[in-house]
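Reader: Hello! I am new to this structure and would love a close look at a single part of it. Could you pick a strand, walk me through its surroundings, and then show me how the rest fits around it?

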Amino acid sequence: MLHLDLINTLKDLFGRFDHVRPCKFILIQADSVRLMTQLLQIAHARGVFVSGSFIPTNEAKQLSTAPHFDAPSTPVLARFSLFTGIPDLPSNTPQATPHGFAVRFLIGEDTKTDIICQSSIFFPGATGEEVLAVFRSFKDNTAEEYAKDHPAAASFIHEDRQVPKNFGTESFYSINAFKFVNASGESAVIRYRWIPLSGKHYLTQSELEAKGPNFLFDELPGVFAQGPISFKLVAQVAGDGDVTNDCTKIWPEDRKLVELGTLTLNKVVGEEELPPQKETIVYNVFPGVQGVEPSDDPIIAARAQVYQTSGQTRRDAKV
Ligand code: HEM
């Protein structure tokens, strides 16, 4: 089955750490002489939980009846992560990018919805099968060959990524498209973006070299001590003819951008504040609330099964 093949191929590549998130990505690093493959990542195993709240704009309500766009304020539990299945991957390296940002809106006792993003606009495949083919090309050491005939994989693999000053100085993108439905029953297909209110700031090579291997995590409490980390949530609205069922097709930058609200994160959430392992948090790509639906993007269904199975494995693992 596809979702098991995806998970098992990742684990074949990077080792079996059943108690952590075995996500996906693989980065190929370019050097000046030739493009060489360096298989480094597969999961968002390394991460940190943070908490805060979300305040919507009036424009958000015009687009969707979702409860977190209606309530004056909604608490959130979010997680920043490195793209790797290797639990101790250092954060002072571009190989740990694109970073992940998963945000859970805690709407009510039994109601929640998540937005799961990454810090790149590129994704290597349009379907679960294509993503599996990318994983397998890494396993077989044929990723460079694969990338030659697969432009989306090439863009993702060869992107020149920078490391941010902290998790609050980079943007994050949902890649997949979702359908908003408003009170009049009108719908719009959108992709989410989190835009840092402090602007995007990246480290120079010398600044990066001066950083310790855990700096993104070690420095986060100090960042919060100076003030909250805030992001604008923005919907990029698909225009006529924009492809919604292929997340590798990037929509033009002149598409309408609607500001949906502001997220303010105040603190790192300690281990002791999180649920025990058997109930550990598993983010869900299916919105599960009124006013937001999956689009026709096939990656959403593939991800949903993969995350559910992967999350259950983590909950059941013996550490
Ligand atoms: C077919 C495509 C994909 C596969 C096979 C895949 C696989 C996975 C797996 C196995 C996990 C760990 C889940 C868990 O144990 O809770 C994960 C987590 C994650 N994925 Fe993906 N993923 C895919 C697409 C994407 C996309 C398009 C994005 C970004 C837009 C993304 C961002 C993330 C993030 C941020 C996490 C960490 C969530 C957390 O902090 O718990 N993934 N992915």
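**A close look at strand β6**

Author: Happy to! Let us begin with a pairing: β6 and β7 run antiparallel and are joined by four bridges. Please keep in mind that this is a predicted model.

Strand β6 covers residues 178-181, and its side chains take turns. Phe178 and Phe180 point to one face and are buried, while Lys179 and Val181 point to the other face and are not buried. This fits a general pattern: in a regular strand, side chains alternate between the two faces of the sheet.

Now look at who stands across from these residues. Phe178 has Ile190 of β7 opposite it. Phe180, in turn, has Val292 of β10 as its bridge partner. That second partner strand, β10 (residues 292-294), pairs with β6 through three bridges, again in the antiparallel sense. Between β6 and β7 the chain makes a hairpin with five residues between the strands, and in this hairpin Gly185 takes a positive phi near 85°.

Let us step across to β7, which spans residues 187-196 and includes Arg191. Is Arg191 buried or exposed? It counts as buried, because 25 C-beta neighbours lie inside 10 Å, and 20 or more are enough for that label. Leaving out residues up to four places away in sequence, Arg191 touches Tyr173, Ser174, Ala177 and Gln236. Arg191 and Cys247 are 56 residues apart in sequence, yet their C-alpha atoms are 9.6 Å apart in space.

Ile190, the residue opposite Phe178, also leads us to the wider interior. The largest nonpolar core has 62 residues, and Ile190 is one of those with the most contacts inside it, along with Val76, Ala78, Phe101, Val103, Cys117 and Leu263. Helix α9 (residues 298-316) gives the most to this core, with five residues. In general, nonpolar side chains of soluble globular proteins tend to be buried together. For a closer view of one member, take Val103: beyond its neighbours within four places in sequence, it is in contact with Val76, Ala78, Asp114, Ile115 and Leu263.

Another strand worth a visit is β3 (residues 100-108), which holds Gly100. Gly100 counts as buried because it has 26 C-beta neighbours inside 10 Å. Gly100 and Phe172 are 72 residues apart in sequence but 7.5 Å apart in space, C-alpha to C-alpha.

For a contrast with the strands, try helix α3 (residues 128-139). Its twelve residues should span 16 Å at 1.5 Å a residue, and the end C-alpha atoms are 16 Å apart, so the two agree. Its buried residues are Glu130, Val131, Val134, Phe135, Ser137 and Phe138. Seen down the axis of α3, they fall within an arc of 155°, so they line one face of the helix. Just after α3, Asn141 takes a positive phi of about 65°.

Finally, the whole chain. It has nine helices and ten strands, and 40% of its 319 residues count as buried. Among contacts with a separation of 6 or more, 73% are between residues 24 or more positions apart.

A word on confidence: the mean pLDDT is 88, and 88% of the residues reach 70 or more. Over residues 24-43, however, pLDDT stays under 50, although the model has 58 contacts there beyond four places in sequence. Where pLDDT is low, the predicted coordinates should not be read in detail.

Key:
Residues are numbered from 1 along each chain as its sequence is written. This is a predicted model: local features need pLDDT of at least 70, side-chain atom pairs count only at pLDDT 80 or more; totals for chains, interfaces and linings use all residues. A nonpolar core is a set of buried Ala, Val, Leu, Ile, Met, Phe, Trp, Tyr and Cys residues joined through C-beta atoms within 7 Å. A residue is buried if 20 or more other C-beta atoms lie within 10 Å of its own, exposed if 12 or fewer, and partly exposed in between; C-beta atoms are placed from the backbone. Helices (H or I, at least four residues) and strands (E, at least two) are DSSP runs, numbered from the N terminus. Two residues are in contact if their C-beta atoms, placed from the backbone, lie within 7 Å. Two strands pair if DSSP finds at least two bridges between them. The expected span of a helix is 1.5 Å times one less than its number of residues. The arc is that of the directions from the helix axis to the C-beta atoms. pLDDT is the predictor's confidence in each residue, from 0 to 100.
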